[in-house]
Amino acid sequence: MTSEPTTALTAETGLAALATENRRFEPPADLAANANVKADVYDAASTDRLAFWEEQARRLQWEKPWTTALDWEPPFAKWFVGGELNVAVNCVDRHVAAGNGDRVAIHWEGEPEGDRRSITYTELQADVCRAANALTELGVEAGDRVMIYLPMIPEAVVAMLACARIGAPHSVVFGGFSAQALTDRITDADARLVITSDGGYRRGAAAALKPAVDEAADRCPSVQKVLVVRRTGQDVAWNDERDVWWHDVVDRQPDVHEARSFDSEQPLFLLYTSGTTGKPKGILHTSGGYLTQTSWSHNAVFDLKPETDVYWCTADIGWVTGHSYVVYGPLANGATQVMYEGTPDAGGKDRWWSIVERYGVSLLYTAPTAIRTFMKWGDELPAAHDLSTLRVLGSVGEPINPEAWIWYRRVIGGDRCPIVDTWWQTETGAMMIAPLPGVTSTKPGSAMGPLPGISVDVVNGEGTSVGEVGGGYLTLDEPWPAMLRGIWNDEERYRETYWSKFPGRYFAGDGAKWDDDHVLWLLGRVDDVMNVSGHRISTTEVESALVSHPSVAEAAVVGAADPTTGQAIVAFVTPKGSVADDVSSGDAFAQELRNHVAKEIGPIAKPRQILITPELPKTRSGKIMRRLLRDVAEHRELGDVTTLADPTVVNAINDKMGSSSSAED
Ligand code: WT7
C-alpha cells in the first residue's frame, strides 16, 4: 500500500446513501416461490462451508473426482485437489450431450444495424473444436500463454474456450488498450501467439486493432504467430512470416476435437489489472474452483432458468466481468445470452432497449456508469420499448448510488425486478457480496451481504473486526474457490499487496460499512486505484505515462468524483523549465498530454482534465499532497494545509481550477 489514501473511508457515496435511504424492497413473491436457491442455503453454507462448495462443484462434470476440497497454506489455496476436468467441455460439450445442442448459446449483434448471428451450442462446439485444432497446428501446447486482443465478436468467446480446451492459459487485453500496454502484457506473460482481428465496429465506424498488435509483436520476440480474424474488411499490413488468417487456418480444421482433462488447478487465464504501482499485475486464475464459483453464483444471483431465460451481460470480454459472466459462468450453466459489439448509442440512444425487446432479455447485468448515462438520456427511450421480459437486474463495477438504483428499478425494471448489486474484483474471480433475488430484501445502493460460502469481515486500521455494526476496511477471512492463485511471476507482490496489511486476511482495497441492520455498504477504494466507468486505473500508472512525455517535469493524478463515470481522472502537471513559458495558457499542451496518455496506456486512461501548474503542493519532506489536490479537483474547501512547505502553491492551483474547463471525449 502506498502512504496516503486518495479516497477517504467516509466516501460520500456510502454515507449519503445511508442518510437518505433506508427503504427496503422485498423479493417478488413469484420469484421467491420458484427461486433456484432458498434462504436455507445461508445456513447450510455456514454450517459446513467446504461441504457447501463441494456440493456446488458437483454441478460440473469431472473426469476424475477430487480427493480433498481445500488445501490451504496461506496465502496459497488449492481447491478440489486431485480432481480433473475440462473447462471447455463443461461450457459446451456437456450441454450438447445432454440434448440441448439446439439451444442458442449466443445471440450476437454487431454494431452495424442488421448484423446478427445466433449460434447454438452444437455450432459453438464445432467452432471451439476447429479453433482448438488450429491452435495445436500453430504449435500451442498446454501451459503456453495466448494473448487475445479482439472486439466483442463470437470468435472472442471461441478463442477463449479453445485455449481452455487445450489447457493454454489466455490473457485477454481490452481493445481500448494501446500498443504499449499490449507490449507490456505480452512481455510479462511471455506469450507465443496473439489472436486479434483487423478491427471492430465502435461509435458507428470501423476501428483498427491489428496495427497495435503489429507494433507489439515487432517488439516481443516471444510472439511466433498472429492469428487474425477478418471482421471489418479494412486493409491491414501483412507479415507473411508471422500473420495467418483465422478463415484460412481455423475454417479448414475438423470440427471434432478430443478434449483431455486437466488438473483442477490448471491455469485458465491471466488477466492484467491495475494496482497501486505503475506496473499492471497479471492475476492468475485456475480451473475447477473458478468454474465452480462463477457458475454457481451466476445461477443463484440471477436465478437463471436456462430453458427460458435470455441473459445479457454488457461487459467487454477484456474485463473480468466478461470472463466470468459472459464466458465461463453463463456457458457452464447452458444459458442463452446476448452479446453486443458496439457502443450504447450506435444506431440511436435506445439501442440497448431495442436489443432487450428483440431477444426478450430477462436478466440484465450492467454497470452504474451506464445506468447514469441512460438516466441523463431520459425515460422516454426505454419507455418506447417493451421491456416486460426483464426479471432480474444486476449491477457491477463500482458503488451504485441510490438514485441510479431506484431509477434502474423503476424505469428499466418496471418496479417489479429485483436489483442485485454485486461486489467483487478481478482478483476474487466471481461475485462475493450480493443479494439473492428470491431471498434477500434489498436497500437501494447496497450490495447487502456476503454470498453463501463467503466470509467477509470489516476491520479497523489495526486489523480488529468492527463486529456487526461499523465502518473500516473490507477483508475476506476465509479462502474461496475462485480466488486468484497469485500474480504471474511475482509471488512477493502477491503476498505484499493482498496479505500483508492485515496478516492472514485478504485485503480488498475497499472501504466498507455495516449499517445498523448489519447490511453492508461498499464505500469505494481506499488506495491509489481509481474507478472510472467501472474500469480500474491506477493513479501511478497515469502519472508515469505523463512524466514519460519529454516536456513534463512532474505530475500528480487524482480520481475526482464525477456524476456519470463515478470517478474521473484529473492530472496536475508541472512542465519542464524550458517549456514552462510557452504553455501558460495550457490548452494545447494539455491536449497533447491527453493524447500522450492515450498512446501510452489507452484512451480509457485519458485525464478528463489536466491543470498545468508551475509547482505541486508538497510537504516539507517533499511528498506531494494528493489529498489537497483531490479537494481542488472536487471543488471542495481545502483541507489542512499546515504541513505544506508553501501553502500559496495550492491556493494558486485552486484559483486556476476555478477558471479551467474539462475535456469532453
Ligand atoms: C473494484 C474491482 C467486479 C468486476 C468489475 C470490476 C469496485 C466492483 C462493486 C460494487 C462497489 C464495486 C471495487 C473493487 N467494485 N463492484 N458492486 N460496489 N464497488 O473489477 O476492475 O477488478 O475492480 O471495483 O472498488 O475493488 P475490477
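Here are some questions and answers about this predicted model.

User: Which helix has the lowest confidence in the chain, and which has the highest?
Analyst: Let's start with the whole chain, which averages a pLDDT of 93, with 95% of the residues scoring at least 70. Confidence still varies along the way: helix α1 (residues 12–20) is lowest, at a mean of 47. At the other end of the scale, with 99, sits helix α7 (residues 154–166).

User: Over which residues does pLDDT stay under 50?
Analyst: Where pLDDT is low, the predicted coordinates should not be read in detail. So it's good to know where to be careful. The model does have 42 contacts beyond four places in sequence for the stretch you're asking about, but its pLDDT stays under 50 throughout: residues 1–20.

User: Which element gives the largest share of the largest nonpolar core?
Analyst: In soluble globular proteins, nonpolar side chains tend to be buried together. Here the largest nonpolar core has 114 residues, and Leu124, Leu161, Ile195, Tyr328 and Leu474 touch the most other members. The largest share of this core is 10 residues, and they come from α7.

User: What does Leu161 touch, beyond residues up to four places away in sequence?
Analyst: Leu161 is one of the five core residues that touch the most other members. Leave out residues up to four places away in sequence, and its partners are Ala88, Cys91, Val92, Leu124, Val128, Val327, Tyr328 and Leu331.

User: How many residues are in the other core, the one that has Trp488 in it?
Analyst: This core lies apart from the one with Leu161. Met147, Ala217 and Leu270 are among its members, along with Trp488. Its size is 47 residues.

User: Is strand β14 largely enclosed or largely open, and why?
Analyst: Let's look at how its residues sit. Strand β14 covers residues 267–273, and six of those seven residues are buried. That is why the rest of the structure leaves β14 largely enclosed.

User: Which residue of β15 stands opposite Pro267?
Analyst: Strand β14 is joined by six bridges to strand β15 (residues 281–286), and the two run antiparallel. Across from Pro267, on the β15 side, you'll find Thr286.

User: Which side chain has an N or O atom 2.8 Å from a nitrogen atom of the ligand?
Analyst: The ligand is surrounded by 17 residues, and the closest are Asp421, Thr422, Thr426, Asp510 and Arg536. Gly397 comes in through its backbone, with an N or O atom 3.1 Å from a ligand nitrogen. The side chain of Gln425 has an N or O atom 2.9 Å from a ligand oxygen. The one at 2.8 Å from a ligand nitrogen belongs to Asp421.

User: Is Glu427 buried or exposed, and which side chain does it join in a polar contact?
Analyst: Glu427 lies in the loop between β20 (419–422) and β21 (456–459). Its relative accessibility is 1%, so it counts as buried. Beyond four places in sequence, its contacts include Thr273, Lys281, Trp480 and Tyr498. The polar contact is 2.8 Å, and it joins the side chain of Glu427 to that of Arg536.

User: Which peptide bond is cis?
Analyst: Check the loop between β1 (68–73) and β2 (76–81), where Pro75 is found. A bond there has omega near 0 degrees, and that cis bond runs from Pro74 to Pro75.

User: Phe80 and Asn489 both have a positive phi without being glycine; which one is exposed?
Analyst: Phe80 lies in strand β2 and has a phi near 55 degrees. With 0% relative accessibility, Phe80 counts as buried. The other residue, with a phi of about 60 degrees, is in the loop between β23 (486–487) and α17 (491–499). Its relative accessible area is 66%, so the exposed one is Asn489.

User: What phi does the glycine just after α14 take?
Analyst: Helix α14 (residues 368–377) has several buried residues, including Ile371 and Phe374. Among the elements covering them are α13 (351–359), β18 (363–366) and α16 (402–412). Just after the helix comes Gly378, with a positive phi of about 105 degrees.

User: Which side chain makes a polar contact with that of Asp527?
Analyst: Asp527 is in the loop between β25 (520–525) and β26 (529–532). At 5% relative accessibility, Asp527 counts as buried. The contact is 2.6 Å, and the partner is Arg525.

Technical notes: Residues are numbered from 1 along each chain as its sequence is written. This is a predicted model: local features need pLDDT of at least 70, side-chain atom pairs count only at pLDDT 80 or more; totals for chains, interfaces and linings use all residues. Side-chain values use heavy atoms; hydrogens and water are left out. pLDDT is the predictor's confidence in each residue, from 0 to 100. Helices (H or I, at least four residues) and strands (E, at least two) are DSSP runs, numbered from the N terminus. Contact means heavy atoms within 4.5 Å. Buried means under 20% relative accessible area, exposed over 50%, partly exposed in between (1.4 Å probe, protein chains only). Two strands pair if DSSP finds at least two bridges between them. A nonpolar core is a set of buried Ala, Val, Leu, Ile, Met, Phe, Trp, Tyr and Cys residues joined through side-chain atoms within 4.5 Å. A residue is near a molecule or strand if one of its heavy atoms lies within 4 Å of it. A polar contact is a pair of N or O atoms within 3.5 Å; within protein, one must be able to donate a hydrogen and the other to accept it, and residues adjacent in sequence count only if both atoms are side-chain atoms.
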